[in-house]
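Open the structure in your viewer and keep the selection box handy. We will go from stop to stop, selecting as we go.

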Amino acid sequence: MSDAKLDATSEHTGCACSLDASRRNLIAATAAVGGAAGLGAAVPFVASFTPSERAKAAGAPVEVDIGGMQPGELKTVEWRGKPVWILRRTPEMLASLKKTDDLVADPESLRSDQPAYVKGEARAIKDEYLVCVGICTHLGCSPTAKMALGSESGISDSWQGGFLCPCHGSLFDLAGRVYKSMPAPDNLPVPPHTYLSDTRLLIGEDGKEA
Amino acid sequence: MQKQAQQLLDWVDARFPLTFLWESQWGKYVAPKNFNFWYIFGSLAMLVLVIQIVTGIFLVMHYKPDASLNAAGVPVAFASVEYIMRDVPGGWIIRYLHSTGASAFFVVVYLHMFRGLMYGSYRKPRELVWLFGVAIFLCLMAEAFFGYLLPWGQMSFWGAQVIVNLFGAIPLIGEPLSIMIRGDYVVSDATLNRFFSFHVIAIPLVLIGLVAAHLTALHEVGSNNPDGVEIKKQPKDANGIPLDGIYSHPYYTIKDIFGAVVFLFVFAAVVFFMPEGGGYFLEFNNFIPADPLKTPPHIAPVWYFTPYYSILRATTSDFMLWLGIFVLVVGGLSVFSLRHQLAKLAAAGVTAVLLVAFYFLDAKFWGVVLMGVSVLLFALLPWLDRSPVKSIRYKGGLYKGILAVFVVCFVVLGYLGILPPTPVGTIVSQICSILYLGFFAFMPWYTAMDKTQPEPERVTWQ
């Protein structure tokens, strides 16, 4: 700033007035009230970031016909905008879960997201059908099925079949359990689900939680 | 005629500091006379900013941020980009200018930052110039990220999915926070619309403000130069110009125009002959409309994010042990070197807290932290560098070697970030991540140990 400008401003602000306590309190009060009003005004703007009523309502359960599924077949359905996998496991696939028990990070799914009625290594109501959300617990990519066994899979010579997340390389076994030392911390979540009949599966509702 | 023009200028100057602004910001701004090739990237960044804003304004006239499906079953947003490419007259060139401009921005800015590293442009008294610059870099990353969702292709969708989920890794508030960013439980129409808003107005406004602050701060303290000599400390001539100073106009005006012409040759060559940049500027998977049910077999961010993406990927639970050792070494060294008792205590405390937190919180969370930290560490450079000289010309072999290692690590991390994850790649990226962090963390020690040559009184210039 040029000197001329400095001189110009000091004419107006250069006064060394004595402190007036009541004015200072007024300034503090004005600042406090103004600040509170500003915070209040921010509420609707922040609120507008949260999911709308329409987004909240779009969570209806999905009914799936699993009657025609072949052993080893994988089916993907959309529930709440996410892929849900239904894998009809063969006896060999179920047997492989015993072998992967020692390789996975959370074999009993103690810290993973799943309903109470899904327990053990199979993580299913009916062992034959794995139902899980096909979204990696690391950063939300959808893993790819890698069903070829051993060296054919290109993963390892002892690969038992499972899923590989293309984004950061997390590996999951045929129960959606994450292998040890992977970027993903937890097993793939199992959504609430229930069997309406032998061939009809309802995803998103189990009648057990309100 | 000339008289009338002068009268008009006087009339304006009496009401608005036009001449003052022009002279202080460029016309009579005195810069060192020894600028070299590396000093072109600042003005080029400005040029690219203008290209992005102008092309952006025209793209918004035809683009629709709408994730719903049209009659043909294609998302409206994706279809509107195809419409711009095929049906809007001149649309294809405007869009290619914009998409190439995004990559060009990062090319230019990375080189601009490297110039700063080489010549110590962040050193006192230019700390604020540097900090505004780091903020610009962050804004640029945000701008690129938000913009990348808009074409609503597979890479747009899954890239946004991954990055928004990064915030989910923060303990306690992470999940609600990522829902708030998306405005939905998944990346959806709500996400697309808000990213559009951020991309076209919020971030550009901040960006332009920061650019103004960056330049104002620079023109206040004066430019650094390849010798790191402070020309303001030199004797001045009759006009008050330091011995090694020249006016930006016309000298650097001509230089910058020349640089812009060369740049535009290369830029136009990319726009016209390889707008997809071999899949690096426009990724091939992004020509497929977004499918929330299927992640492409290989997803990678655009090239300019890959060094940081690699650091994220490198942070596995195995890596936490190495990171723990690294923090222990840096913390121990700090406790040993710091003079004040209180500072020693603080360093020991921070180290202990970090080590405990490493043990209890997921590697996933630390990956996110490390990625953020590796960008933000640049902001600390003015206070980490203890060398008595600014420029690499007078620094010793130690610093030169370490800077070279840092650059190699940055490039290797960038390269690995493009590839699918492999066990060997993970180990290499872990080594590079540690070296990257080490460049900053050990800087106070190696810059102090480095055998420097004395800075000259005058700049080197033929």
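How many residues does the contact take from chain A and from chain B? Chain A gives 30 residues and chain B gives 29. Keep in mind throughout that this is a predicted model.

**Stop 1: between the chains**

Show chain A and chain B together. About 2,500 Å² is buried between chain A and chain B. Carbon and sulfur atoms give 62% of that area. Now select A:Phe49, A:Leu139 and A:His168. These three supply 24% of the area that chain A buries against chain B, more than any other three residues.

Next, look for polar pairs. Across the interface of chain A and chain B there are 9 residue pairs in polar contact. Color helix 3 (53-57), strand 2 (74-79) and strand 3 (82-88) of chain A. Each of these elements supplies at least two residues of the side of chain A that touches chain B.

**Stop 2: a bridge across the interface**

How many salt bridges does the rule find across the interface of chain A and chain B? It finds 1. Select B:Asp362 and A:Arg111 to see the salt bridge, with the closest N and O atoms 3.5 Å apart. B:Asp362 sits in the loop between helix 13 (341-360) and helix 14 (363-376) of chain B, while A:Arg111 sits in the loop between helix 4 and strand 4 of chain A.

Are these two residues buried or exposed? Neither label fits. B:Asp362 has a relative accessible area of 32%, so it is partly exposed. A:Arg111 is partly exposed too, because its relative accessibility is 48%.

**Stop 3: bridges within a chain**

Over all chains, the whole structure holds 19 salt bridges. Select A:Asp101 and A:Arg177. Their side chains meet in a salt bridge at 2.7 Å, N to O. Why does this pair tie together separate parts of chain A? A:Asp101 lies in the loop between helix 4 (91-100) and strand 4 (129-133), and A:Arg177 lies in the loop between strand 7 (171-172) and strand 8 (193-195), so the pair joins parts that are 76 residues apart in sequence. A:Asp101 and A:Arg177 are both buried. Add A:Asp173 to the selection: A:Asp101, A:Asp173 and A:Arg177 are linked in a network of salt bridges.

Move to chain B and select B:Arg458 and B:Asp244. They form a salt bridge, with the closest N and O atoms 2.7 Å apart. The two residues are 214 residues apart along the chain. B:Arg458 is in the segment after helix 18 (443-449), and B:Asp244 is in the loop between helix 9 (189-221) and strand 2 (245-247). Compare their surroundings. B:Asp244 counts as buried, because its relative accessibility is 0%. B:Arg458 has 37% relative accessibility, so it counts as partly exposed.

**Stop 4: a tryptophan**

Select B:Trp461. It is in the segment after helix 18 of chain B. Its relative accessibility is 51%, so it counts as exposed. Which residues does B:Trp461 contact, leaving aside its neighbours within four places in sequence? They are B:Lys33 and B:Asn34. Zoom in on B:Lys33: its backbone oxygen lies 3.2 Å from a polar atom of the B:Trp461 side chain. Then draw a line from B:Trp461 to B:Met180. Their C-alpha atoms are separated by 56 Å.

**Stop 5: a nonpolar patch**

Select B:Val50, B:Ile53, B:Val54, B:Ile57, B:Phe58, B:Met61 and B:Ile208. Together they make a nonpolar surface patch of about 610 Å². Helix 3 (residues 41-60) of chain B gives the most to this patch, with 5 residues. One residue of helix 3 is B:Val50. B:Val50 counts as partly exposed, because its relative accessibility is 46%.

**Stop 6: unusual backbone**

Most residues other than glycine have a negative phi, and most peptide bonds are trans. Now see some exceptions.

- Select B:Lys124 and B:Pro125: the peptide bond between them is cis, with omega near 5°. B:Pro125 lies in the loop between helix 5 (91-119) and helix 6 (127-149) of chain B.
- Select B:His249 and B:Pro250: this peptide bond is also cis, with omega near 10°. B:Pro250 is in helix 10 (residues 248-273) of chain B.
- Select A:Arg123: its phi is positive, about 50°. At 0% relative accessibility, A:Arg123 counts as buried.
- Select B:Leu172: its phi is positive, about 65°. At 85% relative accessibility, B:Leu172 counts as exposed.

How values were computed
Residues numbered from 1 in each chain as written. Chains lettered and ligands numbered in written order. Predicted model: local features only at pLDDT ≥ 70, side-chain atom pairs only at ≥ 80, totals over all residues. Heavy atoms only, no water. Patch = residues over 30% accessible without salt bridge, like charges linked within 9 Å, V, L, I, M, F, W, Y side chains within 5 Å. Areas by Shrake-Rupley, 256 points an atom, 1.4 Å probe, with all protein chains shown as cover. Salt bridge = Lys/Arg side-chain N within 4 Å of Asp/Glu carboxyl O. Helix = DSSP H or I, 4+ residues; strand = E, 2+ residues; numbered from the N terminus. Buried < 20%, exposed > 50% of the residue type's maximum accessible area, 1.4 Å probe, protein only. Contact = heavy atoms within 4.5 Å. Buried area = accessible area lost by both parts, 1.4 Å probe. Polar contact = N/O pair within 3.5 Å; in protein donor to acceptor, adjacent residues only side chain to side chain.
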